[in-house]
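Please look through the sequence and the structure below, and keep both at hand while you read. The paragraphs after them lead from strands and sheets to charged side chains.

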Amino acid sequence: MTAPNRSKLHHSDAQAPRLTLPGRTLLFSAIALAGTLGANSALAQQSVLEEVTVTAQKREQSMQDVSVAVSAFSGDAIDKMGFEEGLDITQQVPNMNFFAIFGEASSPSVSLRGISLVNFSDSWESPVSIYVDDVYRGNPAGSAIQLFDLERVEVLRGPQGTLYGRNTTGGLVHYVSRKPTEEFEASASASIGTYSESILEGAMSGPISDSVRGRIAVKTTQNDGWQTNTVTGEKLNDTDSFGYRTQLEFDLADNANLLLNVHGSSADQQSVGFAHMGYLEEASGDANKCSIGAIQAGRCTSASFDMTGIEASGGRYGPEYVASGAKGGLGTEIDTFGSSATLIWDFENFSLTSITAYEELDKFLQDDGDGTAVVYFDEQYGVDAEQYTQEIRLNGNTEKSNWVTGFYYYKDDRGLVTEAPTTADWAELGLWHREIVTLDSESWALFGQLEYDLSQTLTLVSGLRYTEEERDFTQDAGPSFYDEIDTTGDLSDNATTGRIGLDWRPSAGTLAYASYSTGFKSGGFSGSYNSSPEATKPVGAENIDNFELGLKTTLAEVYRLNMAAFHYKVDDYQAQVFLTVADGSVITNAGDVTGTGAEVELTAPITENFEVIAGAGWLNTEFDSEQLFFVAGDAYTLDGNELPSAPGFTYNLVARYYQSLGDNGELVFQGDYAWQDDHYLQVENDPYSKQSAYGLANAKVAWHSPTDTYSVEAFARNLANEEYFTYQNTLGSDWGYGVWGQPRTAGLRFNWKM
């Protein structure tokens, strides 16, 4: 694999959460409004309370029968609740968080129980893995474009080191697309919204012959962008993307079928803009630092730029107004392509599954790291990646057992380039910095799991996985902000991970479990801003031990209650620390981390017309480390720190009311709310990266025809227009930047299906 040749970047004490007035208003407005329409029984065909079948243990089971902390949403429920993208479910899963520094172009960083990818480089893989149709996405950039026409989404919390293996120390998210059907079906939707957004989506499925079925699905999204570059007046953070998926399913015999999947996506749009933050009361080197509130409000300056965040954004500091002096704007281009072949062959006492898959990614993005009209830390990244995976597994059962065993192979070749400034400024300013990196990875594993019934109520679960991995690294640098470092490196890792647990089913509909599981995330290399030979040295693997107790039950035959409590320890936690532009970044085994927490999920049909989905998560994480880093000239030790993007308390609520209109259809009123405690956005827990507690409220009103062939809905997201940061970083001695969360949006959607 060659590098791309084209050139185009301590938990605070938890406070009792208080629902803000906008949040309270939202949560009860739908209920109150619906109540005024009368108390007639609704058809409630739009209910989202259902028992979801999952494959968390590599076989189909009810979610309530799996001794893993799993949250799952069917595709129908996702559509009904108005989750436009698959990643929107993060708001409705306890102890789950999500951010993407550069929007769709960056590898999405999903945080589960506080464990996330503390790194922006494309040379790394997340400890929370992304799977799409049983295929691991080593670099999931652009995957969000393909998350449509879904059958279900599964979120598995805690290490999955037996059946899924590498890089699942935090857990995983599995997106499963709808498959070809025996009967002809079709669906389409169109929506319009704020910032001139238009989304078109369609799918068609059915038989081609007696033994062949097909399905095709497409989605296109366009909008003008919710940010304006105050330097040029042009839009940033817009969307112009297209995704497709085609599938053919063949009946090879009565006991064998083959599913072929070809998919891809493309995007050509403008990148997200950053909010500039000065840290000083006045622009002199010996000035006092401002309060954190003043810094994050853009009211402070710096000696480096002699401007406040407000001044940098032309006096309109906020999510919709940012600044960049990069000529030609800040481009983002993503092209993905993938294919897979899944063979399932059933025998008398077991079944054989083979999944062969290929994925490729071509990504290029630009950003303005200083968020000013000055061309200072304007940069661009390119990635050319190819991935091949093969999984072969056998599943079987006896009168007292279920078992699975298999082999997994993974090969990933990546070429990376980091450059500054952006291409359009080379003619006037020249090329300041370039790093060309190649990273080739190869891994294989053997795994197996046995569930054995000790009695009618007790089941022993045991599993083991052995993994070997090798990586080869080269870097060719120059010109450079630092020394021009040309180097090579390699590493080899191996690990044995597994799980042992006991499941107790005292009665129908109740499962209690206790488990001990381990996970492994392989070591790696830094792919950008390596300021010294030491920065290019490999970082060791991280390992996790996790103890968990769980309960899944149904109360009064209708109220589904799932609870889990856990305690884990991560050894040699991998983290990236960006020192300054002048000093580059460091990727390190930052120390050991302990985490303790609990989760509760409830689905409740309150009345025939009114249902609630609720969840809450408690989390406490703490570093045990001797490492020390400087942020804006001040020293911060990691010891005692909390993990980034790991709020101490989160809760979520969806309330839906159904109003029958008789022969005229049905109305659905929905309000949902997600709140998270204050938390840090950087591993150093510096005050500049502390995000205050906030909540996001959304609402939707929909009409469905009597046969549900048609529906029309009006929706609004971030009703209170909450301002918050999803990411923050310090890049100099007296300045940094923040990435805004999306402001309020609203729209209309029309849906049709047959």
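How many bridges join strand S6 to S7, and do they run parallel or antiparallel? Two bridges join strand S6 (residues 128-132) to S7, and these strands run antiparallel; one pair to look for is Val132, whose bridge partner in S7 is Val135. Here strands are DSSP runs of E with at least two residues, and helices are DSSP runs of H or I with at least four residues, each numbered from the N terminus, while two strands pair if DSSP finds at least two bridges between them. This is a predicted model, in which local features need pLDDT of at least 70 and side-chain atom pairs count only at pLDDT 80 or more, whereas totals for chains, interfaces and linings use all residues. Residues are numbered from 1 along each chain as its sequence is written, and side-chain values use heavy atoms, with hydrogens and water left out.

Strands of a sheet pair through backbone hydrogen bonds, either parallel or antiparallel. S6 and S7 belong to an open sheet of five strands with mixed pairing, in the order S3-S8-S9-S6-S7. Strand S3 (70-74) and strand S7 (135-136) stand at its edges with a single partner strand each, so one side of each has no neighbour in the sheet.

Another open sheet has three strands, ordered S17-S42-S41, and its pairing is antiparallel. Its edges are strand S17 (275-278) and strand S41 (725-730), and because each has a single partner strand, one side of each is left without a neighbour in the sheet. S17 pairs with strand S42 (residues 735-740) over four bridges in the antiparallel sense, and Ala275 stands opposite Gly738 in S42.

Further along the chain, strand S23 (residues 433-453) and S24 form a hairpin with four residues between them, pairing in the antiparallel sense over 19 bridges. S24 is also joined to S25 by 18 bridges, and these two strands run antiparallel; in S25, Asp490 is the bridge partner of Asp472.

Side chains of opposite charge can pair when their charged atoms come close. The structure holds 34 salt bridges, a salt bridge being a side-chain nitrogen of Lys or Arg within 4 Å of a carboxyl oxygen of Asp or Glu. One of them joins Asp79 to Arg178, with the closest N and O atoms 3.2 Å apart. This pair links distant parts of the chain, 99 residues apart, since Asp79 lies in helix H2 (residues 75-81) and Arg178 in the loop between strand S9 (171-177) and strand S10 (185-193).
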